[in-house]
Structures are given as structure tokens and as C-alpha cells.
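Welcome! Please have the sequence and the 3D view open side by side, and try each task before you read its solution.

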Amino acid sequence: MIDRNTNVQITNEALAFAKPMLGAGMGKLRVLIGCEESQAVAIEFDKLGHYVNSCDLQECSGGRPDLHIKDSIFHVLHKPPYSFGLDLFIAHPPCTYLANSGVRWLYNEDGSKNKERWENMEDAALFFRALLHTNCDKICIENPIMHKHALKIIGVKQSQIIKPWQFGHGETKATCLWLKGLPNLQPTNIVEGREQKIWKMPPSKDRQKLRSKTYHGIATAMAMQWGGNACT
């Protein structure tokens with residue numbers, strides 16, 4: 001599941017491409033947003049003048065293919081320009097097997113363990129843990145409330161729990177942030193009218209993708225509070 005390809009040949013062309021990023025001053029950061037096809041966070045960092053890419057195994061749906069890398073996140077981390085250094089890493093790994101809301105599916109109706117589900121959960125937790133240990137001083141890994149079995153594998157609880165209504169959206173979906181070298185994200189616009197819109201979302205082929213999208217207010221807060229404006 002995890003692509004640990006570290007034997008990427010660095011060509012002269014790749015080195016020439018990466019060097020300008022290494023010397024980028026004026027507060028410009030090299031940012032990578034992993035497991036993000038929506039590009040919600042990547043676009044906000046781009047607006048502020050940072051060098052940023054979204055990365056996912058899927059095609060992007062955010063309308064900025066110029067910012068998107070369709071590839072394994074670990075492959076991207078080990079080839080230029082990010083193999084030359086990374087200032088900020090944010091990732092939204094899949095939560096299907098990690099979220100507390102789905103813990104009941106780890107067991108069959110007779111109470112026995114669902115072997116396939118447990119194996120998928122363990123793979124997902126190891127993937128999450130590998131992201132958390134990316135070679136970067138500033139990291140944010142995002143996921144919903146996680147069940148105890150996944151947390152045991154990951155080895156550390158979340159640093160912070162945020163909700164959309166703290167950032168201008170009248171909804172109650174709890175989001176956990178595992179932070180390294182970053183301050184807690186501060187609320188920007190506390191609003192009323194709170195409801196569980198995501199939970200009430202009807203079944204559809206795009207339901208999982210829609211449920212996983214980062215709220216605009218949260219994406220903007222991440223960019224402004226952790227990146228600042230490199231254009232000024």
C-alpha cells in the first residue's frame with residue numbers, strides 16, 4: 001500500500017527546477033498537501049503566494065490541475081522538488097477504516113472479528129503513522145474522531161479538535177488535527193445555526209468524496225495562520 005520508492009534518479013533538469021525553490025525568500029514556503037483531490041487547502045496557500053501542490057492518486061476536482069500531482073504521496077516526497085526540502089506538510093489520509101463512526105464494522109454479527117476489515121484498518125493506521133513521521137518540521141495530519149484500535153497503532157492522540165462552526169460554517173462535524181511544530185488553529189468566525197449536514201447527506205456515488213472535502217473557512221485559516229501572506 002505504501003510506496004517507499006526512495007531510489008528516484010535526480011536528473012540535471014530536475015535539479016535546475018528545484019534550485020529556485022530552495023532560495024525562495026520573501027516568506028515563500030514549499031508546501032505539500034497530501035491526499036487532497038479537492039485542492040481546497042492547496043488553492044488557499046497558492047492565493048497567498050506560496051509554492052504548493054496538492055497530491056492524490058485521483059485526478060483533482062478543484063479546477064487547478066497546474067497545482068496537482070497525481071501520484072503516491074511517498075513517491076512525491078522522495079523526488080524533486082520536495083526531496084530538496086519541505087517547509088509545511090498537510091495531509092488528509094482516508095478515514096474509512098479509522099473513524100470511530102465505522103468501528104462497528106470491525107466485527108461480524110456474531111461478534112467475531114472481520115479479518116479483512118481489521119487488515120484494512122491496520123494498513124490505514126500505518127499509512128497515517130508514516131505521514132505523521134514525514135521528514136518535515138511543520139506537519140498537520142487531519143482525520144475525523146478516531147477509534148481506539150487505530151489510535152493504538154498510530155501511538156499518539158490528536159493535538160486539537162475543531163468544528164466548522166468555528167470557521168464560518170454552521171455545521172458540527174468534528175475534525176481532529178495531529179500537529180507537529182505548528183500552533184493550534186484558532187477560530188476565525190464562530191457562527192450559529194449548527195447542524196449535522198454531513199451526517200444527513202443522502203447516499204450517492206460522490207458521497208464519500210463530498211464528506212471528505214475541507215471547509216473553505218478551515219482551509220483559509222490554515223493558510224493564513226500557518227503560512228501568512230507571501231505576496232506582501
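The exercises below go from the whole chain to single residues.

This is a predicted model, in which local features need pLDDT of at least 70 and side-chain atom pairs count only at pLDDT 80 or more, while totals for chains, interfaces and linings use all residues. Residues are numbered from 1 along each chain as its sequence is written, and side-chain values use heavy atoms, with hydrogens and water left out.

**Exercise 1. The whole chain**

Task: Find how many helices and strands the chain has, and what percentage of its residues count as buried.

Solution. Begin with the elements: helices (H or I, at least four residues) and strands (E, at least two) are DSSP runs, numbered from the N terminus. By that rule there are eight helices and seven strands. Next comes burial: buried means under 20% relative accessible area, exposed means over 50%, and partly exposed is in between (1.4 Å probe, protein chains only). Of the chain's 232 residues, 45% are buried. Last, take the contacts, meaning heavy atoms within 4.5 Å. Counting those between residues at least 6 apart in sequence, 62% join residues at least 24 apart.

**Exercise 2. The sheet**

Task: Work out in which order the strands of the open sheet lie, and which two are edge strands.

Solution. Two strands pair if DSSP finds at least two bridges between them. Following the pairs gives the order β3-β2-β1-β4-β5-β7-β6, a sheet with mixed pairing. The edges are β3 (68-70) and β6 (160-162), each pairing on one side only.

Now look at single pairs. β2 (residues 51-56) and β3 run parallel, joined by three bridges, and one partnership there is Cys55 with Ile69 of β3. β5 (residues 139-143) and β7 run antiparallel with five bridges; here Ile139 stands opposite Lys180. β6 and β7 are also antiparallel, with three bridges, and Ile161 faces Cys176 across that pair.

**Exercise 3. Two helices and a strand**

Task: Explain why α2 is described as largely enclosed, and find what covers its buried residues.

Solution. First count: six of the eight residues of α2 are buried, so the rest of the structure largely encloses this helix. These are Ala40, Val41, Ala42, Ile43, Glu44 and Phe45. Then look for the cover, which includes β1, β2, β4 and α8. Just after α2, Gly49 has a positive phi of about 95 degrees.

Repeat the steps for α8 (216-226). Its buried residues are Gly217, Ile218, Ala219, Ala221, Met222, Ala223 and Trp226. Their cover includes α2, β4, β5, β6 and β7. After α8 comes Gly228, with a positive phi near 70 degrees.

Finally, try β7 (175-180). Five of its six residues are buried, so β7 too is largely enclosed by the rest of the structure.

**Exercise 4. The cavity**

Task: Find the volume of the largest cavity, and which residues are closest to its centre.

Solution. A cavity, on a 1 Å grid over the protein atoms alone, is a set of points where a 1.4 Å probe fits but cannot get out; lining residues have an atom within 4 Å of a point. Grid points are joined across faces, edges and corners, and the volume is the space filled by probe spheres set on the points. The count is one cavity of 30 Å³ or more, and the largest has a volume of about 90 Å³. Eleven residues line this cavity, and Glu142, Thr175, Lys213, Thr214 and Tyr215 are the closest to its centre. Both β7 and α8 supply at least two residues of the lining.

**Exercise 5. Residues in the loops**

Task: Decide whether Gln39 is buried or exposed, then do the same for Pro65.

Solution. Start with Gln39, in the loop between β1 and α2. Its relative accessible area is 0%, so Gln39 is buried. Gln39 has a positive phi of about 65 degrees although it is not a glycine.

Cys35 lies in the loop between β1 and α2. Its phi is positive, about 55 degrees, although Cys35 is not a glycine. Cys35 counts as buried because its relative accessibility is 16%.

Now move to Pro65, in the loop between β2 and β3. Its relative accessibility is 57%, so Pro65 counts as exposed. Leaving out residues up to four places away in sequence, Pro65 touches Gln39 and Cys60.

To finish, find Pro81 in the loop between α3 (73-77) and β4. The peptide bond from Pro80 to Pro81 is cis, with omega near 5 degrees.

Technical notes:
1 Å grid on protein atoms, 1.4 Å probe; cavity = no way out; pocket = protein on both sides within 12 Å on 5 of 7 lines; lining within 4 Å.
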